[in-house]
Amino acid sequence: MNVQWPIGPMPAAQWHAEFQTKNGRAATDAEYQAAAQIGHISDAQPVPAQPAPSVPAAEQTAPAQSAATQPAAQSTEGLAQAAAGAQQIAVGAAQFAQGATKNAQNIITKRMAENKLGTIAHLSALGAALLTIIASFMPALTASVSGFGVSASRSINWYERDLDGPFILILGLAILGLGIAYLFVEKSWARYTFAGVSLVTGLIVLFDTINVIGKAGEFAAGYAKVSAGFGVYLMLMMSLVLIAAAVLVSLNDIKQLIAKVQSNSSQNAAAQPAQQYQQAPQGYQAAPQQAPMQQAPAAPAQPEQPGQQPSA
């Protein structure tokens with residue numbers, strides 16, 4: 001529909017009257033504002049803008065706050081789930097450790113009641129193996145040089161300078177594994193292997209420590225001073241403990257074997273007289289009975305000869 005605009009400038013009342021006359025209707029606010037901007041209305045007053053519907057501040061900030069807090073809430077929920085999972089794992093590990101400790105205590109108490117000396121030697125070897133592993137990471141040799149106002153020092157452990165640290169570590173772990181296996185598995189092979197590996201390890205460590213102490217004396221010369229570290233002496237003491245523990249475990253097994261053989265011999269010796277006593281009546285009853293003696297038949301009477309007197 002074409003709109004006919006009154007041409008001004010003219011007062012607003014006159015513009016509205018002419019607009020209604022030309023178009024047959026009243027002008028809208030938008031049409032009035034358009035005419036005022038063009039300049040057809042001389043005393044035009046701007047139409048106040050319609051205020052936007054008021055929205056409470058809480059409702060305006062709610063979506064923004066919800067969008068901002070949603071990732072944080074998800075992150076917090078994930079952290080809570082992770083913490084709950086970690087707590088469950090920690091509780092399970094604590095229960096397992098508690099059960100294993102209680103089981104080990106019961107086994108050790110039982111072994112102490114059965115064989116106190118062997119159990120003490122067994123536990124001593126386990127402790128010595130652990131300390132041997134720790135000592136392998138301690139300084140084996142310490143070299144210090146001083147002179148002309150300058151001093152320097154350096155230490156090496158068992159894993160440097162072609163020392164037997166890796167081999168000793170493997171043997172120590174083997175002792176720990178066999179010793180723990182023997183605690184939970186009562187098998188003779190575990191005990192004998194444990195004693196044998198402990199003895200071999202003790203001898204090897206003893207030889208190595210003596211060799212290192214000898215090298216320390218050879219290297220010391222002039223301004224250089226080389227000394228054996230604390231790890232060497234600790235390992236030396238643990239080697240003696242391993243050898244003693246292995247010997248004690250072996251001797252105890254030999255004593256038990258000798259006692260068992262003696263017990264079996266005593267039982268066999270005590271059983272032999274009883275068997276002989278039981279066999280005598282049986283032989284007597286089994287002997288065949290002799291038949292009663294029978295008298296020989298009497299000879300037939302001979303006829304009397306003439307002239308002989310009859311026999312009385």
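Buried means under 20% relative accessible area, exposed means over 50%, and partly exposed lies in between (1.4 Å probe, protein chains only). This is a predicted model in which local features need pLDDT of at least 70 and side-chain atom pairs count only at pLDDT 80 or more, while totals for chains, interfaces and linings use all residues. Residues are numbered from 1 along each chain as its sequence is written, and side-chain values use heavy atoms, with hydrogens and water left out.

**Exercise 1. The whole chain**

Task: Find what share of the residues is buried, and describe the order of helices and strands.

Solution:
- Step 1. The chain has 312 residues, and 23% of them count as buried.
- Step 2. Helices (H or I, at least four residues) and strands (E, at least two) are DSSP runs, numbered from the N terminus. By that rule there are 7 helices and 3 strands.
- Step 3. Along the sequence they appear as α-α-α-α-β-β-α-α-β-α.
- Step 4. Take contact to mean heavy atoms within 4.5 Å. Among contacts in the chain with a separation of 6 or more, 59% join residues 24 or more positions apart.
- Step 5. For the surface, use the Shrake-Rupley method with a 1.4 Å probe; for residues, only the protein chains shown count as cover. The chain comes to about 21900 Å² of accessible surface, and 62% of this belongs to carbon and sulfur atoms.

**Exercise 2. Two helices against the ruler**

Task: Compare the end-to-end spans of α4 and α5 with the expected values, then list buried residues in each helix.

Solution:
- Step 1. The expected span is 1.5 Å times one less than the number of residues.
- Step 2. Helix α4 covers residues 116-135, which is 20 residues. Its first and last C-alpha atoms are 28 Å apart, close to the expected 28 Å.
- Step 3. The 20 residues of α5 should span 28 Å at 1.5 Å a residue, and the 29 Å between its end C-alpha atoms agrees with that.
- Step 4. Buried residues of α4 include Gly 118, His 122, Ala 125 and Ala 129. In α5, the buried residues include Gly 165, Ile 168, Gly 172 and Ile 175.
- Step 5. An α-helix has 3.6 residues a turn, so residues three or four places apart point the same way.

**Exercise 3. Where α6 meets α7**

Task: Decide whether Gly 202 is buried or exposed, do likewise for Ser 239, and list their contacts.

Solution:
- Step 1. Gly 202 sits in helix α6, while Ser 239 belongs to helix α7.
- Step 2. Gly 202 is buried because its relative accessibility is 0%. Ser 239 is buried too, since its relative accessible area is 0%.
- Step 3. Setting aside neighbours within four places in sequence, Gly 202 contacts Ser 239, Leu 242 and Ile 243. With residues up to four places away likewise left out, Ser 239 touches Gly 202, Val 205 and Leu 206.
- Step 4. A polar atom of the Ser 239 side chain lies 2.5 Å from the backbone oxygen of Leu 236.
- Step 5. The C-alpha atoms of Gly 202 and Ala 245 are 9.6 Å apart, although 43 residues separate them along the chain.

**Exercise 4. A nonpolar patch**

Task: Name the residues of the nonpolar surface patch and find which helix gives the most.

Solution:
- Step 1. Patch residues have over 30% relative accessible area and no salt bridge (a side-chain nitrogen of Lys or Arg within 4 Å of a carboxyl oxygen of Asp or Glu). Like charges are joined within 9 Å, and nonpolar side chains (Val, Leu, Ile, Met, Phe, Trp, Tyr) within 5 Å.
- Step 2. The members are Leu 199, Leu 203, Val 247, Leu 251, Ile 254 and Ile 258, with about 490 Å² of accessible area together.
- Step 3. Helices α6 (188-219) and α7 (230-286) each supply at least two of them; α7 gives the most, with 4 residues.
- Step 4. Val 247, in helix α7, counts as partly exposed because its relative accessibility is 37%.

**Exercise 5. The salt bridge and Trp 5**

Task: Locate the salt bridge and find which residues Trp 5 touches.

Solution:
- Step 1. The structure holds 1 salt bridge, between the side chains of Glu 31 and Arg 25 (2.8 Å, N to O).
- Step 2. Glu 31 is buried because its relative accessibility is 13%; Arg 25, at 27%, is partly exposed.
- Step 3. Trp 5 lies in the segment before α1 (12-23). Leaving out residues up to four places away in sequence, Trp 5 touches Trp 15, Lys 22, Glu 31, Ala 34 and Ala 35.

Terms used: Polar contact = N/O pair within 3.5 Å; in protein donor to acceptor, adjacent residues only side chain to side chain.
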